[in-house]
Amino acid sequence: MESEHGFWYDYKFHTLIEMLEKYGESSSKATDICIAREYNVEGNRYYYIINKAKFISFYRDEFAPHMYEIVTDKSAIYIDLEYDRQQCYVNWDEIGIRIIIHQLKKFFLRKFHFLKEENIFYLTLDASNAKKFSFHIVMRFLLTEHELMFPNNFDSLKKYMFQFREHLIQFTYNEVNDDAKHLVKYTKNVDVNLENKYFQHLSWNYFCQGVEEAAIPLIERTFIDWKVYSKNRNFRLYQSSKFGDPTRILNFVPKLSKLRFSHRCIVKIYEFSFISKPFSKQCKNIPADVEVLSMNKTCLNDTTIVAVNKCKILEFDYDDLSEQHRKKLESISVLIQNLAVRKGLNIDYNITNMSKLSNNIYCINVLEKYCLIEKKYNSSNRVYFIYNVNTSIVRFKCFKCGKNQFFDIKI
Ligand SMILES: [Zn+2]
């Protein structure tokens, strides 16, 4: 292939380290890209440095050349969505992708006040087949004069993506609406209701008791691969496939993309898809956010996630209550329903669900999202009550206010 085209690359290396050393010395980093190419089914690769424009004109004519971009320099936002269809299923993949794109936009618009919705563009690529669900999303912030990029993917972007992960977990396990079911993967041949109850229990532990381990199954349950934000990441190129699997080529999905050029312009799609190179001529760094400088402890690292085994589905006893517990819960229910009225508010805390968390502790969920701590309605986060049968206190809590804030009501 190389002889047919002449030397399509500028430099070729047998190891990644050699390539990175050479690239580090390069004075044309803005126009050079780093590429890896698989040459056998074991996934062994050669590494190349090549001028971007030269590469694109070569690559357009190649069929499934098993190529990867090595993410160096800066970084656009990228997301790898995947799951094994033989083990799991998701309620309507396409809706799930749309929700993730929507939540990404919402998250970054809230984070960066200088950003507007019309500045956000994204490209979706699909390499799925009957066995595997596999999508890539590349998102860019293109302002009129310039593009905003993250200074790198393994530190700067990663911190934001881990915050987004927290945002998504909150969204998935707190929202009352129906969208959550499109973001989670369900295990095949397992009772959905049982699985949902189990994850509800874990999310309660995570948000209310700060149990870090609970985050792991919650994170694993979304179909996003959170391990891709690492140094020198190889990210498969648009129209490439893995060496041993030539059918799974990353194809462009127009209906899940928003680009400011024609969908037929292949060269522009290539340019847009290079994560570590800006799409615009002018490029500025995303400003550092003091909030994300220190990773808080709820941001579990990838090693932790890999190390923990998948949890078993647990069964719960909801109805197995003693006479004493049942009576106490009945009187507490009346108290909660009338609580807001007693405080002069025109709302009823209608109880939607009651669950047993440990021997004497119950969680009581209500429909109304009025927060007694902040004294206002939450737009999406639920509020709930914790009742310990052995004490004479009902504790009000709120997912928006978080696990450290509460409001105790003496009975
Ligand atoms: Zn609140």
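## Exercises on helix packing and sheet order

In this predicted model, Gln103, Leu104 and Phe107 of helix H4 meet Phe164, His167, Leu168 and Phe171 of helix H5.

**Exercise 1.** Determine the chemical character of the contact of H4 with H5, and state how the two helices are oriented to each other.

*Solution.*
1. The residues of this contact comprise 5 nonpolar and 2 polar ones, with no charged residue.
2. Two packed helices are described by the angle between their axes and the distance between the axes.
3. Here the axes of H4 (residues 93-111) and H5 (residues 153-174) come within 11 Å and cross at roughly 120°.
4. Angles of 65 to 115 degrees count as roughly perpendicular, and those over 145 as roughly antiparallel. H4 and H5 are therefore oblique to each other.
5. The crossing of H4 and H5 is right-handed.

**Exercise 2.** Identify the edge strands of the open sheet of 5 strands, and describe how helices H2 and H3 pack on the sheet.

*Solution.*
1. The strand order is S1-S3-S2-S4-S11, and the pairing is antiparallel.
2. Strands S1 (11-13) and S11 (234-236) stand at the edges; each has a single partner strand, so one side of each lacks a neighbour in the sheet.
3. From one strand to the next, the twist averages 30°.
4. Within the sheet, S2 (residues 32-38) and S3 (residues 45-51) run antiparallel and are joined by 7 bridges. Arg37 has Tyr46 in S3 as its bridge partner.
5. Helix H2 (residues 16-25) packs on the sheet and touches S1, S2 and S3, its direction making about 15° with that of S3.
6. Helix H3 (residues 52-59) also packs on the sheet, touching S2 and S3, and its direction makes about 120° with that of S3.

Key:
Residues are numbered from 1 along each chain as its sequence is written. This is a predicted model: local features need pLDDT of at least 70, side-chain atom pairs count only at pLDDT 80 or more; totals for chains, interfaces and linings use all residues. Axes are lines fitted to C-alpha atoms, for helices over the stretch in contact, and angles run from 0 to 180 degrees between N-to-C directions. Helices (H or I, at least four residues) and strands (E, at least two) are DSSP runs, numbered from the N terminus. Angles under 35 degrees count as roughly parallel, over 145 as roughly antiparallel, 65 to 115 as roughly perpendicular and the rest as oblique. A crossing is left-handed if the near helix is turned anticlockwise from the far one by less than a right angle, and right-handed if clockwise. Two residues are in contact if their C-beta atoms, placed from the backbone, lie within 7 Å. Ala, Val, Leu, Ile, Met, Phe, Trp, Tyr, Cys and Pro count as nonpolar, Asp, Glu, Lys and Arg as charged, and the others, Gly among them, as polar. Two strands pair if DSSP finds at least two bridges between them.
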